[in-house]
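Open the structure in your viewer and keep the selection tool at hand. We will walk from one stop to the next, and at each stop you will hear what to select and what is there.

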Amino acid sequence: GAVVVISNSSGAVRALVGGYDFSRSKFNRAVQAIRQVGSAFKPFVYLTAVEAGFTPADTVLDSPISIVIDPKKPPYQPQNYYRKYNGIVTYEYALEQSINVAAVRVDLLVTTRKVIDVARRLGIRQNLLAYPSLALGAFEVTPLEMTTAYSVFANQGLLFPPRMIERIRDAEGVLLEETSPEPKEATTPGAAFVTLGMLRGVCQRGTAATAAKLELPLGGKTGTTNDYSDAWFVGVTPRYTIGVWVGHESKKSLGPKSTGAETA
């Protein structure tokens with residue numbers, strides 16, 4: 001497992017867990033493990049839509065879709081988790097219930113390249129390719145990057161690069177070096193606020209409703225990859241953004257029903 005806790009107001013990394021036994025493995029999963037994020041990527045799709053002028057009340061058709069990417073290969077046909085379809089749903093409901101087909105349709109509407117641009121602005125540095133499966137988190141990201149990106153929603157659109165060291169003093173207490181936060185505007189305050197409201201809905205009524213018992217002003221999103229090989233939850237409070245990943249070293253299942261909601 002891996003955990004990252006970031007202070008929203010400065011980007012200071014307050015806690016970092018890269019595994020459960022450093023003597024057994026020096027590999028730091030929080031900053032080095034590049035893993036598929038599943039549905040935890042969807043907020044970037046909806047943020048792109050909000051930036052384009054759409055609202056949580058806008059609607060999308062949740063029904064089977066077939067996308068031809070290469071005429072020589074079978075079409076891409078994303079499936080919903082329960083293999084059920086809801087017809088016309090709002091963007092807010094689609095994110096709360098983590099509806100796959102709806103996310104893909106919104107991604108195609110706003111264009112995948114613009115979704116990649118938004119992810120880049122929020123601090124995602126890994127290789128992202130413009131395929132429709134991007135909307136469902138088919139590409140790989142580190143827990144530190146995901147947690148940093150979500151902190152933008154709590155920061156009114158500002159991105160604070162994560163900082164591991166605040167200051168260094170010598171044995172006499174003389175200050176040798178100090179880092180200061182240098183925020184960048186990743187999105188508009190309005191777009192960040194609207195998307196944060198949608199993420200709060202996820203924790204109140206959606207796939208992360210079990211987090212409501214924490215009794216915190218919490219927004220966030222779960223993520224589960226194929227065969228339950230990766231489980232994610234990234235949560236945002238006014239003070240902190242917390243990212244949790246659970247998985248095996250190799251891509252093997254955590255077990256039946258080991259979703260982001262249940263496991264992370």
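This tour of a predicted model goes from a pocket to a nonpolar core, then along two helices and on to a few single residues.

**Stop 1: the largest pocket**

Start by selecting Ser39, Asn80, Tyr81, Ser98 and Asn100, which lie nearest the centre of the largest pocket. The lining has 38 residues in total, and the space inside comes to about 1100 Å³. Which kinds of residue make up the lining of this pocket? They divide into 21 polar, eleven nonpolar and six charged residues. Now colour strand 11 (219–224) and helix 7 (260–263), each of which supplies at least two residues of the lining.

**Stop 2: Ser39**

Stay with Ser39, in the loop between strand 3 (35–36) and helix 1. Is Ser39 buried or exposed? Ser39 is buried, because its relative accessible area is 10% and the cut-off for buried is under 20%. Show its contacts beyond four places in sequence: Ser39 touches Ser98, Asn100, Leu136, Lys221, Thr222, Gly223 and Thr224.

**Stop 3: the largest nonpolar core**

Next, select Phe44, Tyr46, Leu122, Met146 and Tyr150. Among the 62 residues of the largest nonpolar core, these touch the most other members. Elements that each supply at least two residues of this core include strand 1 (2–7), helix 1 (42–51), helix 5 (143–154) and helix 6 (189–205). In soluble globular proteins, nonpolar side chains tend to be buried together.

Centre the view on Phe44. Leaving out residues up to four places away in sequence, Phe44 touches Val115, Val118, Ala119, Leu122, Ile124, Met146, Ala149, Tyr150 and Phe153.

**Stop 4: helix 4**

Select helix 4 (112–121) and show its side chains. Thr112, Val115, Ile116, Val118 and Ala119 are buried here. These residues sit on the same side of helix 4, because they cover an arc of only 160 degrees around the axis. An α-helix has 3.6 residues a turn, so residues three or four places apart point the same way. Turn to the face away from the buried side, and you will find the exposed residues Arg113 and Lys114. Helix 1 and helix 3 are among the elements that cover the buried residues of helix 4.

**Stop 5: helix 3**

Move on to helix 3 (100–110). How many of its eleven residues are buried? Eight are, and helix 3 is mostly covered. The buried residues are Asn100, Val101, Ala102, Ala103, Val104, Val106, Asp107 and Val110. Their cover includes helix 1, strand 4 (59–62), helix 2 and helix 4. Just after helix 3, pick Thr111, which takes a positive phi of about 80 degrees.

**Stop 6: Gly123**

Another positive phi, of about 105 degrees, belongs to Gly123, just after helix 4. Gly123 lies in the loop between helix 4 and strand 6 (140–141) and is buried, with a relative accessible area of 15%. Beyond four places in sequence, Gly123 touches Glu145 and Leu159. Try a distance too: the C-alpha atoms of Gly123 and Ala149 are 5.7 Å apart, although 26 residues separate the two in sequence.

**Stop 7: Lys72**

Finish with Lys72, in the loop between strand 4 and strand 5 (87–90). At 79% relative accessibility, Lys72 counts as exposed. Draw one last line, from Lys72 to Ser151: their C-alpha atoms are separated by 42 Å, and the two residues are 79 apart along the chain.

Technical notes:
Residues are numbered from 1 along each chain as its sequence is written. This is a predicted model: local features need pLDDT of at least 70, side-chain atom pairs count only at pLDDT 80 or more; totals for chains, interfaces and linings use all residues. Side-chain values use heavy atoms; hydrogens and water are left out. On a 1 Å grid over the protein atoms alone, a cavity is a set of points where a 1.4 Å probe fits but cannot get out, and a pocket is an open set with protein on both sides within 12 Å along at least five of seven lines; lining residues have an atom within 4 Å of a point. Grid points are joined across faces, edges and corners, and a volume is the space filled by probe spheres set on the points. Helices (H or I, at least four residues) and strands (E, at least two) are DSSP runs, numbered from the N terminus. Ala, Val, Leu, Ile, Met, Phe, Trp, Tyr, Cys and Pro count as nonpolar, Asp, Glu, Lys and Arg as charged, and the others, Gly among them, as polar. A nonpolar core is a set of buried Ala, Val, Leu, Ile, Met, Phe, Trp, Tyr and Cys residues joined through side-chain atoms within 4.5 Å. Buried means under 20% relative accessible area, exposed over 50%, partly exposed in between (1.4 Å probe, protein chains only). Contact means heavy atoms within 4.5 Å. The arc is that of the directions from the helix axis to the C-beta atoms.
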